[in-house]
Amino acid sequence: MAHELRWIAPTPPDPEIEILEVHQVAFEFHAEVRQREAFERYCQWYAQVSQQHQQEHLKLQRDWNLMGWFTPRHSA
């Protein structure tokens, strides 16, 4: 009979369980914040490196093609 009444009026939760649940939610929240901050740092680093590579590529395009002097040119 007592088991059947549990469905009608649930037993109040233990305060220890509530504390653990709050701790778990806080832990997951802080883990999510750390993950997002790490991803943001990675995106900033990637954008910086990408910009450096683009600048280096433009610089290389303006450099003289020394190998072109030593290789024969074939025109189609």
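## A question to start with

Is Glu32 exposed, partly exposed or buried? With a relative accessible area of 34%, Glu32 is partly exposed, because that class covers values between the 20% limit for buried and the 50% limit for exposed. Please keep in mind while you look around that this is a predicted model.

## The overall fold

Let's begin with the layout. The protein contains three helices and zero strands, and from the N terminus on its elements follow the order α-α-α. Helix 1 covers residues 2–8 and helix 2 covers 15–62, while helix 3 covers 66–70.

Next comes the surface. Just 3% of the 76 residues count as buried. The accessible surface adds up to about 8,100 Å², and carbon and sulfur atoms account for 62% of that area.

## The salt bridge

Back to Glu32, which has a partner. The structure holds one salt bridge, and it joins the side chains of Glu32 and Arg36, with 2.7 Å from N to O. Side chains of opposite charge can pair when their charged atoms come close.

Where do Glu32 and Arg36 lie? Both are in helix 2, four residues apart, or about one turn of the helix. Arg36 has a relative accessible area of 58% and is therefore exposed, whereas Glu32, at 34%, is partly exposed.

## An aromatic cluster in helix 2

How many aromatic pairs does a search of the whole structure find? It finds two. One of them brings together Tyr42 and Trp45 in a tilted arrangement, with 5.8 Å centre to centre and 35° between the planes. Tyr42 and Trp45 both belong to helix 2, where they sit three residues apart, about one turn of the helix.

Tyr42 also pairs with Tyr46: the ring centres are 6.1 Å apart and the planes stand at 40°, so this pair is tilted. Tyr42 and Tyr46 are four residues apart in helix 2, which means a separation of about one helical turn. Taken together, the ring pairs link Tyr42, Trp45 and Tyr46 into a cluster.

Are Tyr42 and Trp45 buried, or do they reach the surface in part? Tyr42 is partly exposed because its relative accessibility is 44%. Trp45, with a relative accessible area of 47%, is partly exposed too.

## A patch of negative charge

If you are looking at charge, turn to the start of helix 2 and the loop before it. Asp14, Glu16, Glu18 and Glu21 gather there in a patch of negative charge on the surface. Asp14 itself lies in the loop between helix 1 and helix 2. Its relative accessibility is 40%, so Asp14 counts as partly exposed.

## A nonpolar patch

Which residues make the nonpolar surface patch of about 740 Å²? The patch is built from Trp64, Leu66, Met67, Trp69 and Phe70. Trp64 is placed in the loop between helix 2 and helix 3. At 69% relative accessibility, Trp64 counts as exposed, because the limit for that class is over 50%.

Note on methods. Residues are numbered from 1 along each chain as its sequence is written. This is a predicted model: local features need pLDDT of at least 70, side-chain atom pairs count only at pLDDT 80 or more; totals for chains, interfaces and linings use all residues. Side-chain values use heavy atoms; hydrogens and water are left out. Patches are made of residues with over 30% relative accessible area and no salt bridge: like charges are joined within 9 Å, nonpolar side chains (Val, Leu, Ile, Met, Phe, Trp, Tyr) within 5 Å. Accessible areas come from the Shrake-Rupley method with a 1.4 Å probe; for residues, only the protein chains shown count as cover. A salt bridge is a side-chain nitrogen of Lys or Arg within 4 Å of a carboxyl oxygen of Asp or Glu. Lys and Arg count as positive and Asp and Glu as negative; His and the chain ends are not counted. The place of a charge is taken as NZ of Lys, CZ of Arg, CG of Asp or CD of Glu. Helices (H or I, at least four residues) and strands (E, at least two) are DSSP runs, numbered from the N terminus. Buried means under 20% relative accessible area, exposed over 50%, partly exposed in between (1.4 Å probe, protein chains only). Rings of Phe, Tyr and Trp (its six-membered ring) pair if their centres lie within 6.5 Å; planes under 30 degrees apart count as stacked, over 60 as edge-to-face and the rest as tilted.
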